[in-house]
Amino acid sequence: MALDWEPSSHGTMTLENLRSMVTKFHERTRYYPMIYCDARVRNMAALLAGDDVLGMCKLWYARYTRNSNHLGIPQKTWRDYTLWQFDYEERKYGAPYPANVLPGADWSSFRGTEDALRAAWPFRT
């Protein structure tokens, strides 16, 4: 399960709302969801500094770039990403061109080996 934390036109997904959703999800399932967010989270590093609730969640980070060394993850909350969405259907950032992928696909990379991904899937923390 992943919670998609992106700005909404209604302003309803605040940081407090996200913490509340994560806490309720954990209370009901005993697992923490993965948090999917984009690069705008870099501007929230001070608000996220060492967040105990969100820090329990694995991070699926969307940042379209070729260089994973400069992603700007708020490292007091997340040391690193679990999944990094690095490209989208226009494939400007190095995504491969396999024939069996539908148009509109985004491209993500797992931080680890294929064997580690198979062992960890589905992600449960």
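Start your tour by selecting P122, which sits in the segment after helix 3 (114-120). Helices here are DSSP runs of H or I with at least four residues, strands are runs of E with at least two, and both are numbered from the N terminus. The model on your screen is predicted: local features need pLDDT of at least 70, side-chain atom pairs count only at pLDDT 80 or more, and totals for chains, interfaces and linings use all residues. Residues are numbered from 1 along each chain as its sequence is written, and side-chain values use heavy atoms, with hydrogens and water left out.

**Stop 1: P122 and M1**

Keep P122 selected and add M1. Their C-alpha atoms are separated by 8.6 Å, although the two residues are 121 apart along the chain. P122 is partly exposed, with a relative accessible area of 45%. On this tour, buried means under 20% relative accessible area, exposed means over 50%, and partly exposed is in between (1.4 Å probe, protein chains only).

**Stop 2: the whole chain**

Now switch to a cartoon view. How many helices and strands does the protein have? The secondary structure comes to three helices and five strands. Follow the chain from the N terminus and the elements run β-α-β-α-β-β-β-α.

Next, try a surface view. The protein exposes about 8200 Å², and carbon and sulfur atoms supply 50% of that; accessible areas come from the Shrake-Rupley method with a 1.4 Å probe, and for residues only the protein chains shown count as cover. Of the 125 residues, 34% count as buried.

Contacts, meaning heavy atoms within 4.5 Å, also say something about the fold. Among the contacts with a separation of 6 or more, 50% come from residues 24 or more positions apart.

**Stop 3: the nonpolar core**

Select W5, V22, I35, L54, Y61 and W78. Of the 22 residues in the largest nonpolar core, these touch the most other members. Such a core is a set of buried Ala, Val, Leu, Ile, Met, Phe, Trp, Tyr and Cys residues joined through side-chain atoms within 4.5 Å. Strand 1 (2-5), helix 1 (15-29), strand 2 (34-38), strand 3 and strand 4 each supply at least two residues of this core. Helix 1 gives the most, with three residues. In soluble globular proteins, nonpolar side chains tend to be buried together.

Zoom in on W78. Leaving aside neighbours within four places in sequence, W78 is in contact with I35, V41, L48, L54, G55, C57, K58, L59 and I73.

**Stop 4: T77 and its surroundings**

Step back one residue to T77, in the loop between strand 3 (59-62) and strand 4 (83-87). Is T77 buried or exposed? T77 is buried, with a relative accessible area of 10%. Not counting residues up to four places away in sequence, T77 touches L48, A49, G50, D51, L54 and G55. Look closely at G50: its backbone nitrogen lies 3.4 Å from a polar atom of the T77 side chain.

Then add A45, found in helix 2 (residues 45-48). The C-alpha atoms of A45 and T77 are separated by 8.4 Å, with their positions 32 residues apart along the chain. A45 counts as partly exposed, at 35% relative accessibility.

**Stop 5: aromatic rings**

The structure holds three aromatic pairs. Rings of Phe, Tyr and Trp (its six-membered ring) pair if their centres lie within 6.5 Å; planes under 30 degrees apart count as stacked, over 60 as edge-to-face and the rest as tilted.

Show Y36 and W60. Their ring centres are 5.0 Å apart and their planes are at 80 degrees, so the pair is edge-to-face. This pair links distant parts of the chain, with Y36 in strand 2 and W60 in strand 3, 24 residues apart. Y36 is buried at 13% relative accessible area, while W60 is partly exposed at 25%.

Move on to W84 and F86, a tilted pair with 5.5 Å from centre to centre and 50 degrees between the planes. W84 is buried, with a relative accessible area of 7%, and F86 is buried too, at 14%. Add Y81 to the view: ring pairs link Y81, W84 and F86 into a cluster.

**Stop 6: R30**

Finish at R30, in the loop between helix 1 and strand 2. R30 is exposed, with a relative accessible area of 73%. Its phi is near 70 degrees, a positive value in a residue other than glycine. Most residues other than glycine have a negative phi.

Note on methods:
Polar contact = N/O pair within 3.5 Å; in protein donor to acceptor, adjacent residues only side chain to side chain.
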